[in-house]
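Open the model in your viewer and keep the selection panel at hand. The stops below go from single side-chain pairs to sheets and then to the whole chain.

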Amino acid sequence: MHDTTHLIQTRVERFLVERLRPALYRETAAVGLEAWEVEDEPVPFAVARVQQYRPIAAGDAWGRPWGTVWLRVSGTVPQHWVDDNASTELLVDLGYTTRMPGFQAEGQAYDADGVIIKALEPLNQHVPLTAAAGQTVELYIEAAGNPDLWQGYKFEPNPLGDKATAGTAPIYRLGDVVLARRDEVVAELIADVEALYGLHQVLDAHSPRRAEILHALDAAIDAIDPHDVRSTAVAGRSVLAPVLSQPAQASAHRVHAVGHAHIDSAWLWPVRETVRKVARTFSNVMALMDEDDTVTFAASSAQQYAWLKQSQPALFERLRGYVASGRFVPTGGMWVESDTNMPGGEALARQFIEGKRFFLEEFGIEPTDAWLPDSFGYSAALPQIVVAAGSEWLLTQKMTWNETNRMPHDTFWWEGIDGTRLFTHFPPVATYNSDLSAKDLARAEREFSEKGHANTSLVPFGYGNGGGGPTREMVAAARRTASLEGSPTVTMSTPDAFYRAALAEYPEAPVWAGEMYLELHRGTYTSQARTKRGNRRSEHLLREAELWATHATLVAGAPYPADRLRAAWQSVLTLQFHDILPGSSIAWVHHEAEATYAAVAAELERIIDDALGVILGSGELPIVVNAGPYALAGAPALGAVVAGEATPQRPVVVERHDGSITLTNAWVCLVIDAAGRILSVRDLTSDREVVPPGAAVNELQLCRDTPDTWDAWDISEHYRRSIEVLTSVDTIEIIRADADRAEVRIVRTFGQSHLEQVVSLDASSPTIDIETTVDWHERQKLLKLAFPVDLVSDRAASEIQFGHVHRPTHVNTSWDSARFETVAHRWVHVGEPDFGVAIANDATYGHDITRTRHGDRPTTTVRLSLLRAPLFPDPEADQGQHRMRVALRVGASIPDAVHEGYRLNVPLRHRRGRVGAPPIVTIDHDAVVVEAIKLADDGSADLIVRLYEAHGIRARARLTALIEVDSVAECDLLERPLAPTGAVALEGQAVRLDLRPFQLVTVRVRAAAQGANAQVSA
């Protein structure tokens, strides 16, 4: 029986490949073909149409890397193409090197009037035609010569990722471009056979249903004449009809199939190519919807819709109709599918604010979910942010990529750091690029974790990463599995319809509390350090620009630059996409990111300068300006003060002893040895030494960095077995030594790199500042900065958005062991009950914090990952100049760590002016942090204050505004009033705040003299 089964399987496979698929097109007809190569960047249709075209033919080379060639196609439909059950198409083979869509050549087909028809890709090569027999055809194809940088998981250095090094030699050869007559009956027969044979392959070997299907396929082949498939296709379908008509079992898994096309906003292609990918994919979807009214499609990322509106306005207007019908569904509600580990709290909030505002303004639709299938782990702050944005659900499948541990649930409630819960689903199909094959559907059913409690999952189907979307073959598969014995049932659906069905089925789903740490792609916290620094600096400049612009408007009547601020936010949010900010894109992408950050910084500095000019006036008095949430150097939080005489402090004392240098102030004493390492840090308040005997802090470690798979994405744990401590010093010198401040510069060379550190201590602060400047030219190396401290701590606190998380420092479980590289924002803290150490940074995200030993002494070591040097996808990643600051504060509490994080990242400004500026709002509790101050997005002069509890405690505080207050309201992130929760109340002219640990609150304050002086301006 086994041998018979194998023989029939072989027969079916061969018949499908050699007889059925070749019979899909009855005949073809030649067309005229001409080409015009674009000189540089892509041009619109109107420009391309009027160019001088030259003849081109199949086999001709075309397409320099990242170049564009326009093809003009002309022909006549043969007179005899008039019979039934067939359709006329143009088939275009651009010379694809693989069958994987989205990673190589792509095309966009236009009619002669410039109307987009659909896209062309390796598995979607047809253009539907309306021309009848005897009529002429003229089309234009915009062919993109995008290089295939993926190359099937090769991860090899490649010059093609940078336009400057990609060369100009053509990388494709044109295949056949012909008119073709598609036999619709044969197409249905092929879909029947593929659906049944796919199901046969996934059923149990001893299943009667499996045997039934195989013998039906065998009989169908008998009924089909291999030399005349067209005439006998109906007979073959008749044989298969009974097995296709058998309904699914009542217990079958229920799949909500949602058309989708994951389009990375940049990755192995630049942003400019993503703009075209969006147009190609969306046109594919609309063409498919025109053919089949059951098709639904969900697309995230407001930025991608905005690109379409700008680049293809006519196509965008067509899109509006499909959105209005409910079949083309904006989903996710974010500006882009961002990384969620590294964007700051306000930035992650703005992802939803800007995304939802776009969808509301353009379509009158507000998505109610977060759609993040491919981001590299999920911050524990995300549930609160999603719910605060007015959404209810989250979808991702990335956690199925875990290397070590499997997440225990597919449908569950996810609880964030403040206690907010979010209904969450992991599609058990474990892909966002399903083709609705029997293999994928069987995986969805087999891997579903909630069996016995629930039985419904979502399957996103359609080609993705580089776009493409669903195809007619996938839709044909869905029709056949709507109810098919042996298969899950498949219903064309939408995200909202799925979530509501899943919640109704499983309202008491289990709870996962805290972050969802992805046990993979840990290197993304460090790769492309300049991109990460640009993000961090932009976020804090935006804070400053909004604060001072709001102050200038409300107090002095200056125009509020709403449009300029919104444009700056959108630029920064775009660069938080999950392959840009994580550093996993080609060189072109990161060069553009750095240029964009520079432009954003220049624009924000202009806004800040203009606003402070209005606030402080013209004058020569020295002014200290503080945009941070805590008072510093005599300057109030969120205000400015005329600089006065410095309060006398115990001066910094600098001493030399046998090659070492000692710096001492009122709080701390540190010793730097001749190798530039800090051998001792004594907290003078508690008279406690922080550095373990025989150890050193500020220790630079150079590690081998050869990850097992994904170069820019990954750090593999075995790096810990190959560590070189950098002890060689070129020079070490005291460069400043006065009563106010001491600075020691340490210069090193190693490998091909040069590094300078300045260790400084101020008279007025217990904090040691370390500024590191590196000219980095290593390859496949990881640079760590280590701080072993004499503390026994079983957990460490790391800042995330609007709060912090505690992570174990031990490796008791496989979950702990897998978490060997973690993300933190501005600070980390380790401590015993009565003593702690905080380490803050201004540009670093990657950390590892572990229980260690020095001799027989238990210690805790904090290490920051400063730089990497992966070879793929950017072989020049991180080469060149970098600057980063780190601060070490001993005897520190978590509140001290919060202070240090803001001090480093929102530095004081020193200006000249006439007067200081009182804060526009004040808060009387250190735990309540003001994260953003701005004017309302609706154009009114209402003051928006976003704040959160930062210490992890219950906090009762009073907010006092500089303006006279008429009313206050607690709002969601989109500044819409919420039902009273007791968190916000007006008491006289003060706002009472009652916050639970890590609670995020948006307060809308209306002035008594509403809008008297305020102006909103572009």
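**Stop 1: D40 and K163.** Select D40 and K163 in this predicted model and show their side chains, which meet in a salt bridge with an N to O distance of 2.7 Å. The two residues come from distant parts of the chain, 123 residues apart. D40 sits in the loop between β2 (32-37) and α2 (45-49), and K163 in the loop between β10 (136-145) and β11 (172-173). Colour by accessibility next: D40 is partly exposed, with a relative accessible area of 41%, and K163 is also partly exposed, at 34%.

**Stop 2: R276 and E142.** Now select R276 and E142, whose side chains form a salt bridge at 2.9 Å, N to O. R276 belongs to helix α6 (residues 271-291) and E142 to strand β10, so this pair ties together parts that lie 134 residues apart in sequence. Are R276 and E142 buried or exposed? R276 has a relative accessibility of 10% and counts as buried; E142, at 6%, counts as buried too.

Keep both pairs on screen and add E41, E106, R272, E273, K277 and R280. Together with D40, K163, E142 and R276, these residues are linked in a network of salt bridges. For context, a search of the whole structure finds 92 salt bridges.

**Stop 3: D842 and R533.** Move to D842, which forms a salt bridge with R533; their closest N and O atoms are 3.2 Å apart. D842 lies in the loop between β42 (835-841) and β43 (846-854), while R533 is in helix α14 (residues 529-556), and 309 residues separate the two. D842 counts as buried at 8% relative accessibility, whereas R533 is partly exposed, with a relative accessible area of 23%. Leave α14 displayed for the next two stops.

**Stop 4: the nine-stranded sheet.** Switch to cartoon and select β33, β34, β35, β36, β45, β42, β41, β38 and β39; in that order they make an open sheet of nine strands with antiparallel pairing. Which are the edge strands? They are β33 (731-737) and β39 (803-808), each of which pairs on one side only. On average, neighbouring strands of this sheet are turned by 20° against each other, direction ignored.

Zoom in on the β33 edge. Strand β34 (residues 741-750) runs antiparallel to β33, and six bridges join the two. Here R736 stands opposite E743 in β34.

Helix α14 packs on this sheet, where it touches β42 and β45 (880-890) and its direction makes about 60° with that of β45. Then select helix α18 (residues 894-905), which runs at about 150° to β45. Helix α18 lies across β36 (767-776), β38 (795-800), β39, β41 (827-832), β42 and β45.

**Stop 5: the three-stranded sheet.** Select β25, β24 and β46, which form an open sheet in that order, again with antiparallel pairing. β25 (639-642) and β46 (909-913) are the edge strands, each pairing on one side only. Neighbouring strands of this sheet are turned by 30° against each other on average, direction ignored.

Strand β24 (residues 621-626) pairs with β25 in the antiparallel sense over four bridges. Label V625 and A640 to see a facing pair: V625 stands opposite A640 in β25.

Which helix lies across β24, β25 and β46, running at about 30° to β46? It is α14, the helix that also packs on the nine-stranded sheet through β42 and β45. Helix α16 (residues 587-616) packs on the three-stranded sheet as well, touching β24, β25 and β46, with its direction at about 45° to that of β46.

**Stop 6: the whole chain.** Zoom out and show the full cartoon: the chain has 18 helices and 55 strands. Its radius of gyration is 31 Å, close to the 31 Å that the globule rule gives for 1018 residues, so the chain is as compact as a globular protein of that length. The C-alpha trace spans about 100 × 70 × 60 Å along its principal axes.

Finish with a surface view. The accessible surface of the chain comes to about 35900 Å², 50% of which belongs to carbon and sulfur atoms. Buried residues make up 62% of the 1018 residues. Of the contacts between residues at least 6 apart in sequence, 74% join residues at least 24 apart.

Conventions:
Residues numbered from 1 in each chain as written. Predicted model: local features only at pLDDT ≥ 70, side-chain atom pairs only at ≥ 80, totals over all residues. Heavy atoms only, no water. Salt bridge = Lys/Arg side-chain N within 4 Å of Asp/Glu carboxyl O. Buried < 20%, exposed > 50% of the residue type's maximum accessible area, 1.4 Å probe, protein only. Pairing = 2+ DSSP bridges. Axes fitted to C-alpha atoms, helices over the stretch in contact; angles between N-to-C directions. Contact = heavy atoms within 4.5 Å. Rg over C-alpha atoms; globule rule 2.2 N^0.38 Å. Areas by Shrake-Rupley, 256 points an atom, 1.4 Å probe, with all protein chains shown as cover.
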